Amino acid sequence: MYVLSVDLLAVVAIAASTAWPVPAGAWATFAVLAGCAALHLHCSRWIERIRRDHSHLPHVDLCSIWMLAGAVVLPPSLAVALVVLIYAHRWWVVGRWDASRPPHRNVFTTSMMVLATLAANAVAGVTGLRAHLGEQRPQGWLDLVGLVGAGTAQWLVNTTLVAVVILLTVRPRSVKDAIGSASDNLLEAGQLAMGTFVALAVAWWPGFAVPMVVAAVALHRTVLIHQLELAARTDAKTGLLNAEAWHLQAKLELDRTRRQPPGATVGLFMIDVDHFKDINDTHGHQTGDAVLRRIAVALGGVVRRGDAVGRFGGEEFAVLLPSVEREEALTIAERMRSQVHHVTADDGAGGTVDGLTVSIGIAVWPDVAEDTVEGLLAAADAALYEAKRLGRDQVQVAGQRRRLRWMPAARSETP
């Protein structure tokens, strides 16, 4: 209902936009912006396909550069037409190849951007910015306020509409997660800033927008590199650090801690989901993956700022805790164990998987006399299996109540 309501509101807004007249000179600006947007997407279509293949959440496309420029300098009807053309072209060269993203999702995205663009267009009209640029008589600070206001309006409407969808479907931990990461919002702000310069350029002469295509494609490539770097460090199922990335971070933190004055500490947790095989056997692997994702969210919500949670493989998780004492580590681990008790997941058949528990093993350096990450992991793993032996759903600390000494790790940092 929400999606259809947004689509319907966009249709009404499009119809209302036709009430404004279209100056004859606006058609040339519209054609140049549409052509630049098409050239930008054509040159970066493979980049965009790769970005979407590696994106498991809504990602920031780079169409706002041209849409904000159109919102600032074009009348409402042409600004809307530009949005529709851009997303129709984008679907043709990118979206139609992706069976997991049906056309109605592109329609919804287009509807959101129509509303966001009209909001920016309204600000440009109310502040007199569009009239001043059309007459090539900029008003200095007043028009700067109009530019910033138009960009802010587009960002605010778009972010709000997307956040509601995320809150209704993904159900993140907080509203803050629904509005995107700091890097995503910085990318959006960057392309909106580029859009304002495109608007100023085309107001002087439409052809001045063409060089911005090069900058847009270059930005697209830079974003792809960052996204691939992030994907290489991230576990696809849970969104946590993968084993290799977590191990590298743990090695660097242990090396840093060992160089500190006496008293510096670092802790490691090994966490195993109890009876996870029964979940897969009873409900299927898709439900098992959903359980892992929910547990990952629960663990990430308990750790301190600066701690690192990773998926170590299967149903095992690892946590790195810099500067943690044994008692504090035990408190955090007990909080994790308690939090997992509240985790539930749909079983795909109308039921719910609940009653989940984890066993946790803790190793804190230098209490554990190992000087490598492997040694600390071996100690934490031994404590984990001690927790399993004693009945599961509990926390054990390496060096306490252990039956057998852990196997010392080979002095190698290869994960």
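Axes here are lines fitted to C-alpha atoms, for helices over the stretch in contact, and angles run from 0 to 180 degrees between N-to-C directions. With that in hand, here are the close-ups of this predicted model.

**View 1. Helices H12 and H16 pack against each other at an angle of about 110°.** The pair brings together residues 243–258 of H12 and residues 373–389 of H16, with the two axes 10 Å apart. Angles of 65 to 115 degrees count as roughly perpendicular, so H12 is roughly perpendicular to H16.

**View 2. Side by side, the residues where H12 meets H16.** From H12 come Trp 246, His 247, Ala 250, Lys 251 and Leu 254. Facing them from H16 are Val 373, Glu 374, Leu 376 and Leu 377. Sorted by character, the residues of this contact are six nonpolar, one polar and two charged.

**View 3. A cis peptide bond sits between Trp 365 and Pro 366.** Omega for this bond is about 15°. Pro 366 belongs to the loop that runs between strand E6 (358–365) and H16, so you can find the spot by following the chain from that strand.

**View 4. Ser 323 and Arg 392 each have a positive phi without being glycine.** For Ser 323, phi is about 50°, and the residue lies in the loop between strand E3 (316–322) and helix H15 (326–340). For Arg 392, phi is about 65°. Look for Arg 392 in the loop between H16 and strand E7 (395–397). Because its relative accessible area is 33%, Arg 392 counts as partly exposed.

**View 5. Two cysteines, Cys 43 and Cys 63, in their surroundings.** Is Cys 63 buried or exposed? Cys 63 has a relative accessible area of 7%, so it is buried. Cys 43, at 46% relative accessibility, is partly exposed. If you are wondering about disulfides, the rule asks for a pair of cysteine sulfur atoms within 2.5 Å, and the count comes to zero.

**View 6. Confidence along the protein chain, with an average pLDDT of 83.** At least 70 is the score of 86% of the residues. Which helix has the highest confidence? That is H1 (residues 2–17), with a mean of 94, while confidence is lowest in H3 (residues 45–53), with a mean of 62. Over residues 408–415 the pLDDT is below 50, and this stretch has 21 contacts in the model beyond near neighbours in sequence. A friendly caution: where pLDDT is low, the predicted coordinates should not be read in detail.

Key. Residues numbered from 1 in each chain as written. Predicted model: local features only at pLDDT ≥ 70, side-chain atom pairs only at ≥ 80, totals over all residues. Heavy atoms only, no water. Helix = DSSP H or I, 4+ residues; strand = E, 2+ residues; numbered from the N terminus. Parallel < 35°, antiparallel > 145°, perpendicular 65-115°, else oblique. Contact = heavy atoms within 4.5 Å. Nonpolar A, V, L, I, M, F, W, Y, C, P; charged D, E, K, R; others polar. pLDDT = per-residue confidence, 0-100. Buried < 20%, exposed > 50% of the residue type's maximum accessible area, 1.4 Å probe, protein only.
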